[in-house]
Amino acid sequence: NPDMATGMAVVNTPVASGTKAQKIASSAMPAGEAIFVLQDLAVEGNQPYTFSGQYYIEQLANAKVLHYLLFYDASGVNVGGTTIERTTAHPG
């Protein structure tokens with residue numbers, strides 16, 4: 001779509017903790033399209049872990065934020081996961 005605009009940047013503000021945050025922006029995104037940010041993290045099996053994070057959703061119209069937390073075994077086979085969904089702006 002020639003009208004679609006996207007952008008990603010590492011920013012200094014707003015930041016929930018630390019000194020940097022990932023900023024994602026898009027406009028005129030066609031239905032069914034997506035922007036992805038991916039982070040792989042190796043962990044030891046059979047150990048408890050806590051996942052936490054924060055979103056600063058400044059503006060969201062006709063879109064949603066999906067956060068997938070996926071689990072893979074040592075062979076790279078998906079063994080489960082969960083999804084967090086936001087459909088409205090939630091600054092702060």
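Q: In which strand is Tyr72 found?
A: Tyr72 is found in strand 3, which covers residues 65-72. A strand is a DSSP run of E with at least two residues, whereas a helix is a run of H or I with at least four, and both are numbered from the N terminus. The model is predicted: local features need pLDDT of at least 70, side-chain atom pairs count only at pLDDT 80 or more, and totals for chains, interfaces and linings use all residues. Residues are numbered from 1 along each chain as its sequence is written, and side-chain values use heavy atoms, with hydrogens and water left out.

Q: Why is Tyr72 called partly exposed?
A: The relative accessible area of Tyr72 is 49%. Buried means under 20%, exposed means over 50%, and partly exposed is what lies in between (1.4 Å probe, protein chains only). Tyr72 is therefore partly exposed, because 49% falls between these two limits.

Q: What makes Leu66, Tyr68, Leu70 and Tyr72 a nonpolar patch?
A: These four residues form such a patch on the surface, with about 400 Å² of accessible area together (Shrake-Rupley method, 1.4 Å probe, only the protein chains shown counting as cover). Members of a patch have over 30% relative accessible area and no salt bridge; nonpolar side chains (Val, Leu, Ile, Met, Phe, Trp, Tyr) are joined within 5 Å, and like charges within 9 Å. A salt bridge is a side-chain nitrogen of Lys or Arg within 4 Å of a carboxyl oxygen of Asp or Glu. For Tyr72, the value of 49% is over the 30% limit.

Q: How do you know that strand 3 and strand 4 pair?
A: Pairing needs at least two DSSP bridges between two strands. Strand 3 and strand 4 (residues 78-86) have 8 bridges, in the antiparallel sense, so they meet the rule. In one of the bridges, Val65 has Arg86 of strand 4 as its partner. The two strands form a hairpin with 5 residues between them, and in the turn Gly76 has a positive phi of about 85 degrees.

Q: Why are Leu41 and Asn46 called exposed?
A: Leu41 has 67% relative accessibility and Asn46 has 84%. Each counts as exposed because its value is over 50%. Both Leu41 and Asn46 lie in the loop between strand 2 and strand 3. Asn46 also has a positive phi of about 60 degrees, although it is not a glycine. Leu41 and Phe71 are 30 residues apart along the chain, and their C-alpha atoms are separated by 9.9 Å.

Q: Which residues does Val37 touch?
A: Val37, in the loop between strand 2 and strand 3, touches Met8, Gln22 and Ile24, not counting residues up to four places away in sequence. A contact is a pair of heavy atoms within 4.5 Å. Val37 and Met8 are 29 residues apart in sequence, yet 9.4 Å apart from C-alpha to C-alpha.

Q: What is the peptide bond from Thr13 to Pro14, cis or trans?
A: This bond is cis, with omega near -5 degrees. Pro14 is found in the loop between strand 1 (5-11) and strand 2 (21-27).

Q: How does the radius of gyration of the protein stand against that of a compact globule?
A: The protein has 16 Å, whereas a compact globule of 92 residues would have a value near 12 Å. The radius is taken over C-alpha atoms, and the globule rule is 2.2 Å times the number of residues to the power 0.38. The C-alpha atoms fill a box of roughly 45 × 30 × 20 Å along the principal axes. Buried residues make up 2% of the 92 residues.
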